[in-house]
Number of protein chains: 4
Amino acid sequence: MLIVMEARAGDEAVRRVCDEITQMGLTAHAIPGSQRMVIAVTGNKYRVDCDHVRTMPGVSDVVHVTHPYKLVSREEQAEDSVFDVGGVTIGGQSFAVMAGPCSVENRDQTMRIAKSVSEAGARIFRGGAFKPRTSPYSFQGLGEEGLKILAEVREAFGLLIVTEAMDTETIGLVAEYADIVQIGARNMQNYSLLRKAGRLNKPILLKRGMWATIDEFLMSAEYVLAEGNRRVILCERGIRTSANDNGHVLDLGSVPHIKRVSHLPIICDPSHGTGQKYKVPPLARAALAVGADGLLIEVHHAPMEALSDGPQAITPTDFDTLMNDMRNMAALLHRTC
Amino acid sequence: MLIVMEARAGDEAVRRVCDEITQMGLTAHAIPGSQRMVIAVTGNKYRVDCDHVRTMPGVSDVVHVTHPYKLVSREEQAEDSVFDVGGVTIGGQSFAVMAGPCSVENRDQTMRIAKSVSEAGARIFRGGAFKPRTSPYSFQGLGEEGLKILAEVREAFGLLIVTEAMDTETIGLVAEYADIVQIGARNMQNYSLLRKAGRLNKPILLKRGMWATIDEFLMSAEYVLAEGNRRVILCERGIRTSANDNGHVLDLGSVPHIKRVSHLPIICDPSHGTGQKYKVPPLARAALAVGADGLLIEVHHAPMEALSDGPQAITPTDFDTLMNDMRNMAALLHRTC
Amino acid sequence: MLIVMEARAGDEAVRRVCDEITQMGLTAHAIPGSQRMVIAVTGNKYRVDCDHVRTMPGVSDVVHVTHPYKLVSREEQAEDSVFDVGGVTIGGQSFAVMAGPCSVENRDQTMRIAKSVSEAGARIFRGGAFKPRTSPYSFQGLGEEGLKILAEVREAFGLLIVTEAMDTETIGLVAEYADIVQIGARNMQNYSLLRKAGRLNKPILLKRGMWATIDEFLMSAEYVLAEGNRRVILCERGIRTSANDNGHVLDLGSVPHIKRVSHLPIICDPSHGTGQKYKVPPLARAALAVGADGLLIEVHHAPMEALSDGPQAITPTDFDTLMNDMRNMAALLHRTC
Amino acid sequence: MLIVMEARAGDEAVRRVCDEITQMGLTAHAIPGSQRMVIAVTGNKYRVDCDHVRTMPGVSDVVHVTHPYKLVSREEQAEDSVFDVGGVTIGGQSFAVMAGPCSVENRDQTMRIAKSVSEAGARIFRGGAFKPRTSPYSFQGLGEEGLKILAEVREAFGLLIVTEAMDTETIGLVAEYADIVQIGARNMQNYSLLRKAGRLNKPILLKRGMWATIDEFLMSAEYVLAEGNRRVILCERGIRTSANDNGHVLDLGSVPHIKRVSHLPIICDPSHGTGQKYKVPPLARAALAVGADGLLIEVHHAPMEALSDGPQAITPTDFDTLMNDMRNMAALLHRTC
């Protein structure tokens with residue numbers, strides 16, 4: 001941490017800041033510059049809360065050198081987190097494809113799509129039973145009935161189930177049915193929910209908020225790890241920008257960035273990340289090429305009948321073609337798809 | 001709603017879309033253009049879900065004409081919502097100032113700040129007992145103990161209390177103590193929480209998410225009204241942009257925008273909206289000048305000792321000066337402060 | 001400047017960085033932290049180019065403490081820049097209103113609007129003769145013919161003229177006719193144009209690019225001052241964000257920010273900053289309340305006949321009302337309008 | 001085009017808008033809705049200027065159905081633009097790699113890097129002689145001396161040259177030396193420069209502004225084509241977002257988007273698009289996988305000695321490895337690298 005004093009700050013102000021640092025159990029190094037004094041702070045392993053220093057007389061700015069996250073960092077664990085979920089490896093050389101409809105709409109639709117994604121080679125099935133929707137008048141999901149249908153899918157096709165938990169009251173119920181519990185982008189900073197997720201004995205798929213910096217994204221993962229659950233799968237799903245005409249921008253550069261600073265696996269969601277089905281296959285290929293650990297893809301056998309997000313769902317036929325492409329490219333990149 | 005067909009779409013595709021519209025109980029008007037067919041849809045009072053139409057063969061785009069919100073709109077209620085909260089008028093000619101510390105830290109700090117903001121003329125006291133923090137290692141609030149201190153403030157100074165509810169499990173508890181229940185920016189799209197807020201018999205202060213469009217903001221308010229609670233106070237608190245070096249941009253233009261399309265009152269939070277105390281007084285003045293219905297301001301008697309957000313808190317002395325400025329300007333603008 | 005070394009960087013890497021700093025004529029202070037070495041650099045008055053240090057082995061990050069601008073900074077000149085343009089004071093207690101049509105369309109339209117804004121009390125007339133338009137098929141301005149009409153306006157009404165220069169080839173011509181030469185938002189980083197502006201003997205009105213950080217904005221002003229022209233008027237005109245449904249967000253917080261770090265005057269353009277006429281009067285009031293030094297406002301007697309930007313132009317009648325409001329508020333704020 | 005009337009607009013207002021449309025030579029179709037009248041406009045092949053209609057009494061909004069660009073659109077030319085530049089094919093199945101230093105610093109540096117990129121298999125050499133820099137105090141390029149060095153590179157290694165033109169005064173000089181003339185991101189809306197580029201007999205490499213929507217990007221290309229020069233290569237180079245901690249986000253989704261609506265080739269610049277060399281190889285692979293037509297990459301034999309942008313330059317050795325990877329992946333994707 002570096003404390004930049006104002007040009008006009010006197011010796012007294014500098015002394016008081018140094019005293020404060022010392023009282024925090026850290027070491028202050030006052031360095032006189034040509035215009036202003038700078039106080040370097042050492043002794044902290046991770047970023048320390050120092051808003052109060054920022055408000056002290058004569059302080060112009062506080063610059064952090066260390067990042068704010070701990071347990072999710074490469075400093076904490078140098079090697080990649082690799083974990084097994086019901087026989088499927090997440091992370092490492094493995095490339096995990098999770099596919100299925102946006103919403104579980106009914107038993108027939110769900111079983112039909114599950115059959116096709118299973119035949120195409122996916123091992124993990126996605127489908128929402130609790131749906132966060134912008135409008136209170138939109139379809140909100142089948143709730144527990146949807147979870148039961150997902151359980152049938154697991155039974156029938158041996159697929160693992162990933163599905164979203166929307167609040168602290170139902171996350172326990174979701175975890176009973178799911179193999180992986182998803183926390184959606186809009187809930188990325190719902191800290192009560194993150195804490196409960198951290199006490200589950202199920203892996204968590206945490207989606208990046210569409211406004212979130214990578215530091216904030218990792219801090220939300222930190223909430224889960226801090227409660228004891230170390231099996232977190234990050235998911236890049238597109239950020240909102242001012243330069244995009246329709247929908248979001250899938251930030252593929254976040255993959256090498258996160259790989260550099262964190263040991264957690266990260267997958268990409270080109271369906272929500274683009275909102276348009278014609279962009280899904282090229283961005284799925286790009287996600288593999290950039291080094292992601294997997295994909296989350298929306299597949300629907302009849303997108304025009306989908307109760308949510310039909311425009312971004314690809315058909316089972318397109319998904320089958322995509323899986324073939326992915327396997328070929330994965331082989332080239334020494335990944336197992 | 002306007003459905004734009006692709007240039008190459010044939011008669012059959014157009015006919016099928018028109019049939020679909022008819023089956024939805026709406027009326028389709030096919031209009032041949034020089035390059036492509038356009039189908040105008042009438043008969044809907046508000047925006048209809050039409051993702052499935054977007055995925056029909058030959059459809060290029062769907063353009064909405066009506067906005068997605070209903071109960072919050074000026075069409076639903078032409079005159080401003082004005083309501084009384086414990087003797088204080090919100091909306092209309094009234095300009096309501098809510099002030100206090102970011103967090104309730106302890107009884108002494110809270111009573112001391114409450115005394116000063118009360119003497120300066122504020123009628124509503126803010127202070128967080130449950131705090132959403134980016135880091136799991138930061139101070140998370142005193143919880144119910146904090147709520148009890150807030151109840152003491154009400155008793156001692158006759159101030160109304162506004163404080164944040166973070167999740168569905170504790171919102172009921174918060175509502176027992178608060179006069180106004182705040183839903184924070186990070187929870188703006190926590191729909192489970194919004195629904196519970198909609199069933200409370202307390203006014204809701206809903207803060208705009210730092211990524212949210214105004215339509216999304218109003219849709220979140222719609223969730224509350226749809227459950228029966230019509231007393232929602234909107235709060236502009238700054239949005240995140242790529243062009244801002246430190247912190248957020250307070251979007252004051254959202255005030256006339258929202259006033260035009262919605263009947264709900266809207267206040268501004270220049271403390272979170274800027275993150276820096278030197279910007280708070282000028283932006284507070286600007287908020288009044290632009291037509292906002294009030295302010296949410298962080299005040300701390302010793303910002304450097306604040307457990308959260310000290311850098312954006314102004315002192316009681318500065319707040320007193322600001323209140324005088326606001327009263328003078330309010331008189332000029334025919335508002336009661 | 002602070003150089004953060006990687007955790008695994010050895011003594012040799014640290015020594016080489018310190019040597020490099022020394023060779024640059026600066027002083028290196030190596031400070032051992034609990035995880036990594038940090039090297040503080042002193043001896044530079046302003047920010048130094050150090051991209052090459054960033055690429056040295058073992059270097060993790062370089063953090064700047066000093067800002068990159070010099071001549072525009074408060075360190076360079078503590079008191080506000082106040083200057084006279086043809087009898088009108090810019091900066092200080094003065095509040096300067098510049099008004100007129102987006103484009104000079106013809107002599108009659110221009111003279112008519114000029115008469116009305118002059119009668120309403122404006123002293124500076126705006127109008128574009130060279131127009132940067134998104135489409136090559138839109139009206140591009142009258143060119144020199146437009147400049148001649150502007151000269152007539154000055155002659156007839158004693159108004160000063162501000163008009164835009166679009167390129168290095170015509171800026172000299174524009175400067176012959178204009179009292180203040182405008183550089184538009186799209187050209188904010190057209191460095192060739194900025195350099196030519198810096199060699200003119202006319203004040204420059206520099207508009208902020210809709211993507212630009214405040215540091216970048218000030219660096220563009222620095223280009224003008226570095227060439228010798230110290231009379232620069234900054235203009236906040238709205239930035240683009242992902243959270244805004246229609247148009248731009250006027251960043252009024254930039255006014256106190258810039259006032260704190262720079263001595264240059266700054267005005268606001270609520271017409272381009274909002275794009276909608278109903279937002280212009282409230283944001284004009286807010287600009288005055290936040291501490292801006294003036295306004296740039298589009299006025300048109302027949303907005304629906306305007307050849308450009310009609311939707312954001314207010315009528316002469318509305319402008320007259322606005323000027324009255326501004327004078328009343330200015331008096332309260334001890335400004336002269 | 002669809003004109004949405006206000007709910008309270010009367011018959012007279014509707015009639016006047018319809019008359020205006022008719023006078024523009026277009027056809028108006030008034031469609032009564034449940035709340036408001038909507039007027040569909042047909043007869044226009046491309047988007048028409050209609051700001052004046054937006055300001056007519058009773059008009060609430062104008063919604064465009066057609067896009068604003070013409071010559072760059074797929075409607076204008078259904079098949080991909082493929083063109084030859086000195087024996088190298090741009091577009092179609094070809095994947096073109098352009099590589100070299102950010103700046104031409106001196107003859108030795110330039111020849112040395114040129115030799116290595118040529119040996120690695122690149123056919124086009126990049127290097128800036130005129131450099132747009134945020135600071136007036138940074139290295140601004142060697143100017144014509146740099147162009148002469150680039151001419152030597154072409155002579156010595158048979159590489160084609162792409163280099164940037166910064167203003168209307170020097171673009172002619174640049175075109176004398178370059179095989180492809182680059183227009184940088186900051187000049188994307190420098191319309192005077194675009195028009196001059198449109199009159200050159202050299203292909204133009206047009207970089208996307210870091211704030212620009214895809215429509216705006218294509219409209220800038222439209223300026224070049226409208227002047228007669230149809231050989232434009234688009235370049236995605238990263239956009240600025242609020243969610244990115246350090247630098248820009250390379251918007252790879254723009255590639256399938258642009259391929260869908262325009263016939264022009266599009267390449268990606270992962271060096272500027274990320275600003276950090278460790279991200280360059282993964283994003284270069286992703287650009288190929290997403291369907292781009294080529295790459296623009298910064299290579300420097302001694303990044304720490306580079307006079308500009310060293311942190312994002314990769315070494316010749318890394319570039320050689322990258323070229324091998326690209327060739328393997330290109331073969332899989334049926335592209336020629």
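This report describes chain A, its contacts and those of chain D with chain B, and some local features of a predicted model.

**Chain A overall**

Chain A has 337 residues, of which 60% count as buried. Its secondary structure comes to 10 helices and 14 strands. The C-alpha trace of chain A spans about 75 × 45 × 40 Å along its principal axes. The domain assignment divides chain A into domain 1 (2-63) and domain 2 (83-332), and the C-alpha centres of these two domains of chain A lie 44 Å apart. When contacts in chain A between residues at least 6 apart in sequence are taken, 64% of them join residues at least 24 apart.

**Contacts with chain B**

The contact between chain A and chain B takes 39 residues from chain A and 39 residues from chain B. On the side of chain A that touches chain B, helix 2 (51-54), helix 6 (191-198) and helix 7 (214-226) of chain A each supply at least two residues. Helix 7 of chain A gives the most to that side, with 5 residues. By class, the side of chain A that touches chain B divides into 15 nonpolar, 13 polar and 11 charged residues.

The contact between chain D and chain B takes 21 residues from chain D and 21 residues from chain B. Here the elements of chain D that give two or more residues to the side touching chain B are strand 1 (2-5), strand 2 (27-32) and strand 3 (37-42). That side of chain D has 9 nonpolar, 9 polar and 3 charged residues.

The table sets out the residue classes for each side.

| Side | Nonpolar | Polar | Charged |
|---|---|---|---|
| Chain A, touching chain B | 15 residues | 13 residues | 11 residues |
| Chain D, touching chain B | 9 residues | 9 residues | 3 residues |

**Relations between the copies**

Two copies of a chain are related by a rotation about an axis and a shift along it. For chain A and chain B, a turn of 180° and a shift of 0.0 Å along the axis lay chain A on chain B with an RMSD of 0.0 Å. This is the relation of a two-fold axis. Within chain A, the C-alpha nearest the axis belongs to Trp211(A), at 2.9 Å from it. Of the interface residues of chain A, 100% are also interface residues in chain B, so the copies meet through the same surface.

Chain D is superposed on chain B by a rotation of 180° with 0.0 Å of shift along its axis, at an RMSD of 0.1 Å. Ser242(D) comes closest to the rotation axis of the residues of chain D, its C-alpha being at 2.0 Å. For this pair too, 100% of the interface residues of chain D are also interface residues in chain B, so the copies meet through the same surface.

**Strand 12 of chain A**

Strand 12 (residues 232-236) of chain A has 5 of its 5 residues buried, so it is largely enclosed by the rest of the structure. Val232(A), Leu234(A) and Glu236(A) point one way from this strand, while Ile233(A) and Cys235(A) point the other way, and all are buried. Strand 11 (residues 204-207) of chain A runs parallel to strand 12 of chain A and is joined to it by 4 bridges. Opposite Val232(A) in strand 12 of chain A stands Ile204(A).

**Helix 3 of chain D**

Helix 3 (residues 107-120) of chain D has 14 residues and reaches 20 Å from its first C-alpha to its last, close to the 20 Å expected at 1.5 Å a residue. Its buried residues are Gln109(D), Thr110(D), Ile113(D), Ala114(D), Ser116(D) and Val117(D). An α-helix has 3.6 residues a turn, so residues three or four places apart point the same way. The buried residues of helix 3 of chain D pack against strand 7 (96-100), strand 8 (124-126), helix 4 (144-157) and helix 10 (316-332) of chain D. Gly121(D), just after helix 3 of chain D, takes a positive phi of about 115°.

**Leu333(B)**

Leu333(B) lies in the segment after helix 10 (316-332) of chain B. Leu333(B) counts as partly exposed because it has 18 C-beta neighbours inside 10 Å, where 20 or more would make a residue buried. Leu333(B) and Ile171(B) are 162 residues apart along the chain, and their C-alpha atoms are separated by 37 Å.

Conventions: Residues are numbered from 1 along each chain as its sequence is written. Chains are lettered from A and ligands numbered from 1 in the order in which they are written. This is a predicted model: local features need pLDDT of at least 70, side-chain atom pairs count only at pLDDT 80 or more; totals for chains, interfaces and linings use all residues. Two residues are in contact if their C-beta atoms, placed from the backbone, lie within 7 Å. Ala, Val, Leu, Ile, Met, Phe, Trp, Tyr, Cys and Pro count as nonpolar, Asp, Glu, Lys and Arg as charged, and the others, Gly among them, as polar. Copies are superposed by least squares on the C-alpha atoms of residues with pLDDT of at least 70 in both. Domain bounds come from an automatic or database domain assignment. The expected span of a helix is 1.5 Å times one less than its number of residues. A residue is buried if 20 or more other C-beta atoms lie within 10 Å of its own, exposed if 12 or fewer, and partly exposed in between; C-beta atoms are placed from the backbone. Two strands pair if DSSP finds at least two bridges between them.
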